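Q: I'm new to this structure and would like a close look at a single part of it. Could you walk me through the nonpolar core and the aromatic rings in it?

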Amino acid sequence: MSQRTAAPAAEPAERPAAPPPPAPGAEQYPALDFANSLLTLPGGPLDLLGGPEAASEWLVGHGLAPEAGRVLGPCAVRLRVFRGAVRELLDARVAGRPAPSGALAAVNEALTAAPAVALLRWDAEQGLHRSLPHPADRIADRAMARLAADAADLLTGPDAERLARCGGAPCSRFYVRTHAARHWCSTRCGDRVRAARAYARKRAEKGS
């Protein structure tokens with residue numbers, strides 16, 4: 001009796017929906033945009049580092065990997081785990097809680113995992129110049145080192161006092177407040193909250 005082999009399940013798409021525009025502060029702090037690469041949208045979650053291709057695209061797009069640079073599955077997983085540590089530190093800073101020791105250790109490890117000093121080099125085309133070595137197997141290490149340094153600058157610099165988390169559920173993005181009264185990371189989230197409040201008021205009025 002012959003056995004029928006079940007067809008493998010199709011892999012879920014890495015980019016099921018369009019992400020919102022960058023949150024305030026994300027252009028200045030790549031680490032903030034990195035933390036926000038895991039989104040909770042009304043239609044479901046969206047992970048911009050959800051697989052090797054998506055992670056590679058994100059790193060290249062943020063100048064953290066060479067144009068042809070690619071990371072493999074294990075490195076994409078490491079990036080997502082590291083992102084979790086950065087999010088923990090941002091969340092603790094916003095909430096006024098002590099920094100989690102595990103997240104601190106992860107960021108400090110990333111800071112020391114790859115050399116950040118450009119070495120002195122020579123070749124016939126450029127002569128003496130300085131550049132960072134960038135072997136293909138260290139792309140994730142170097143990206144995480146730069147993101148860790150940026151996160152440290154954000155968390156200890158003057159903008160740390162203006163860090164906030166979006167109040168427009170289900171959004172979970174962090175942003176740097178542009179003014180004290182700002183509660184949302186984007187007009188999209190603000191409009192959604194206002195629309196929900198208006199709908200709730202109308203229901204309450206009908207009920208009364």
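A: Here is a walk through the core, with a few side trips around it.

A word on the ground rules: this is a predicted model, so local features need pLDDT of at least 70 and side-chain atom pairs count only at pLDDT 80 or more, while totals for chains, interfaces and linings use all residues. Residues are numbered from 1 along each chain as its sequence is written, and side-chain values use heavy atoms, with hydrogens and water left out.

First, the setting. The protein has six helices and six strands (DSSP runs numbered from the N terminus, H or I of at least four residues for helices and E of at least two for strands). Along the sequence they follow the pattern α-β-β-α-α-α-β-β-α-β-β-α. Of the 208 residues, 38% are buried; that means under 20% relative accessible area, with exposed being over 50% and partly exposed in between, using a 1.4 Å probe and protein chains only.

Now the core itself. A nonpolar core is a set of buried Ala, Val, Leu, Ile, Met, Phe, Trp, Tyr and Cys residues joined through side-chain atoms within 4.5 Å. The largest one here has 40 residues, and those with the most contacts inside it are Leu 32, Phe 34, Trp 58, Leu 59, Phe 82, Val 86 and Leu 90. Two or more residues each come from helix 1 (30-35), strand 1 (38-41), helix 2 (52-61), helix 3 (73-95), helix 4 (101-113), helix 5 (139-156) and strand 6 (174-176). Helix 5 gives the most, with nine residues.

Zoom in on the rings. Rings of Phe, Tyr and Trp (its six-membered ring) pair if their centres lie within 6.5 Å; planes under 30 degrees apart count as stacked, over 60 as edge-to-face and the rest as tilted. The whole structure has two such aromatic pairs. In one, Phe 34 and Trp 58 are tilted, 5.7 Å centre to centre with 55° between the planes. Phe 34 sits in helix 1 and Trp 58 in helix 2, so this pair ties together parts 24 residues apart in sequence. Phe 34 and Phe 82 form the other tilted pair, at 5.8 Å centre to centre and 40° between the planes. Phe 82 belongs to helix 3, so here the parts tied to helix 1 by Phe 34 are 48 residues apart in sequence. Put together, ring pairs link Phe 34, Trp 58 and Phe 82 into a cluster. Phe 34 is buried at a relative accessible area of 0%, Phe 82 is buried at 4%, and Trp 58 is buried too.

Leu 59 is another residue worth clicking on. Setting aside residues up to four places away in sequence, Leu 59 touches Leu 64, Ala 65, Val 71, Leu 79, Ile 139 and Ala 143 (contact means heavy atoms within 4.5 Å). Apart from the main core lies another, of eight residues, among them Ala 23, Cys 171, Tyr 175 and Cys 185.

Ala 26, in the segment before helix 1, is buried at 5% relative accessibility. Beyond its neighbours within four places in sequence, Ala 26 is in contact with Leu 32 and Asp 33. Ala 26 and Tyr 175 are 149 residues apart in sequence, yet 7.1 Å apart in space, C-alpha to C-alpha.

For contrast, try Trp 122 in strand 3 (residues 119-123): Trp 122 is exposed, with a relative accessible area of 60%.
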